[in-house]
Amino acid sequence: MAPRPLQPSHQFIGGNLATNAGGPSCLKYGVTRHWVLGVRAVLGTGKEIRTGSLSHKDVAGYDLTGLLVGSEGTLGILTEATLRLAPIPEARGTVVATFPSLEDAALAVQQVRQAGITPEAMEFMDGATLSAVDDAFSLGLQNVQALLLVGLSGHRLAVAQETQDVYRLLEKGSLRVDLGLEKNEIERLWLARRSAFGSLARRAGNLWVEDISVPLSSLATMVRKIDLIAQKHDLLVATLGHAGDGNLHPQFSLRGEPDEEDRIKEAIEEIVSLAVSLGGTLTGEHGVGQEKRDLLPSALDQGAYKTMEEIKKVFDPLGIMNPGKVL
Ligand SMILES: Cc1cc2nc3c(=O)[nH]c(=O)nc-3n(C[C@H](O)[C@H](O)[C@H](O)COP(=O)(O)OP(=O)(O)OC[C@H]3O[C@@H](n4cnc5c(N)ncnc54)[C@H](O)[C@@H]3O)c2cc1C
């Protein structure tokens, strides 16, 4: 049996709920919000409310649970949550493929999804990320330009069939595809993916980590344009991400050059605006916080943004809940 691809991204349930945290397995299992039946919260007004029910189906009134989960602490403090549970998958499988470029890997991801297969995770890393990861793990990936890890989970018969199907689909556009790797080799590849941020930071000294998400149909365009935008601003970028969800993490190396932060900010504004113009969003999982607060109005419909401001006033009229964040 292959190992679990990646652990949940975060350890603390409050932060997990407040940021509607996600991660690799969201492709099959959804984000935090999909697993919350209800919460108890103390609002900025000082009132305590209980939302939702124990029922998996509940359409009684507005979805206050969905609103509070992901509100980044700006509407209230979550003090209790009722979660859905699911059985641990019976079986797991992993298919590993290398590609001439991240764009080719993105196209392959699209093909797998178009074939109606929903893996648990589809994670990819570009050549710059792999080179940094290889420094740390010596996996022989130094000259590989793109690597895709596809993690499957579920009933053992379904996993066996889907693993074969994914293998066949990836065979076409990839340089090499493996499904018979030893368990410890697969574990090391997933560990390498989990450690990609750390490996890049170890090499660069300091990193600016970005987070955007686009529809799968635009994933290949987005990864190509990220490289062009980085080149235009004379920046070093390494891109990895939760490819199956269209969620990308371009990471810029900070080399201590005088105007580099300004150039990175300009590049990020271009990347964000491109993601939004392609039907995507300025953050898939890292949240808005302070860093993207000023970019939020231009990324949303103006009426929607104004409605968020009104909601904030109802939940937190004095503006005391996580002030200065999100809006
Ligand atoms: C480098 C980096 C990588 C990341 N990677 C991922 C990722 O892979 N997937 C992902 O989903 N997210 C990611 N994030 C963002 C992530 O969602 C948050 O960082 C994470 O959820 C924080 O969890 P925490 O337990 O440390 O919460 P904290 O950092 O303690 O809190 C996060 C926010 O939630 C609020 N909060 C905490 N507890 C409560 C509560 N009980 N009630 C109300 N508000 C509360 C805090 O005020 C704060 O605004 C990343 C962020 C960074 C900077």
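Which helix gives the most to the shell around the ligand? That would be α1, with four residues. Keep in mind that this is a predicted model.

**Around the ligand**

Let's stay with the ligand for a moment. The shell around the ligand holds 20 residues, and those that come nearest are Phe 12, Gly 14, Gly 15, Ala 18 and Gly 73. Helix α1 spans 13–18, and strand β3 (76–83) joins α1 in supplying at least two residues of the shell. Looking at domains instead, domain 1 (13–83) and domain 3 (199–299) each put at least three residues into the shell around the ligand. As for chemistry, this shell has 12 polar residues, next to six nonpolar and two charged ones.

**Domains 2 and 3**

Zooming out, the chain splits into domain 1 (13–83), domain 2 (91–195) and domain 3 (199–299). The centres of domain 2 and domain 3, taken over C-alpha atoms, sit 22 Å apart. Where the two meet, 23 residues of domain 2 are in contact with 17 residues of domain 3. On the domain 2 side, the elements giving two or more residues are α4 (102–114), β5 (121–126) and α5 (127–137). Helix α4 has the largest share of that side, at eight residues. Sorted by class, the domain 2 side that touches domain 3 comes to 15 nonpolar, three polar and five charged residues.

Here is how the classes look for the three groups of residues in this report:

| Group | Nonpolar | Polar | Charged |
|---|---|---|---|
| Shell around the ligand | six residues | 12 residues | two residues |
| Side of domain 2 that touches domain 3 | 15 residues | three residues | five residues |
| Contact of α9 with α10 | eight residues | no residues | two residues |

**The α9 and α10 pair**

The last row of the table belongs to a helix pair. A pair of packed helices is described by the angle between the axes and the distance between them. Helix α9 (residues 219–232) packs against helix α10 (residues 260–277) at an angle of about 160 degrees, and their axes are 10 Å apart. Angles over 145 degrees count as roughly antiparallel, so that is the label for α9 and α10. The crossing of α9 past α10 is right-handed.

Which residues of α9 and α10 meet? From α9 come Met 222, Lys 225, Ile 226, Ile 229 and Ala 230, while α10 brings Ala 267, Glu 270, Ile 271, Leu 274 and Ala 275. By class, the contact of α9 with α10 has eight nonpolar residues, two charged and no polar ones.

Notes
Residues numbered from 1 in each chain as written. Predicted model: local features only at pLDDT ≥ 70, side-chain atom pairs only at ≥ 80, totals over all residues. Domains from an automatic or database assignment. Contact = placed C-beta atoms within 7 Å. Nonpolar A, V, L, I, M, F, W, Y, C, P; charged D, E, K, R; others polar. Near = placed C-beta within 6 Å. Axes fitted to C-alpha atoms, helices over the stretch in contact; angles between N-to-C directions. Parallel < 35°, antiparallel > 145°, perpendicular 65-115°, else oblique. Left-handed = near helix turned anticlockwise from the far one by under 90°.
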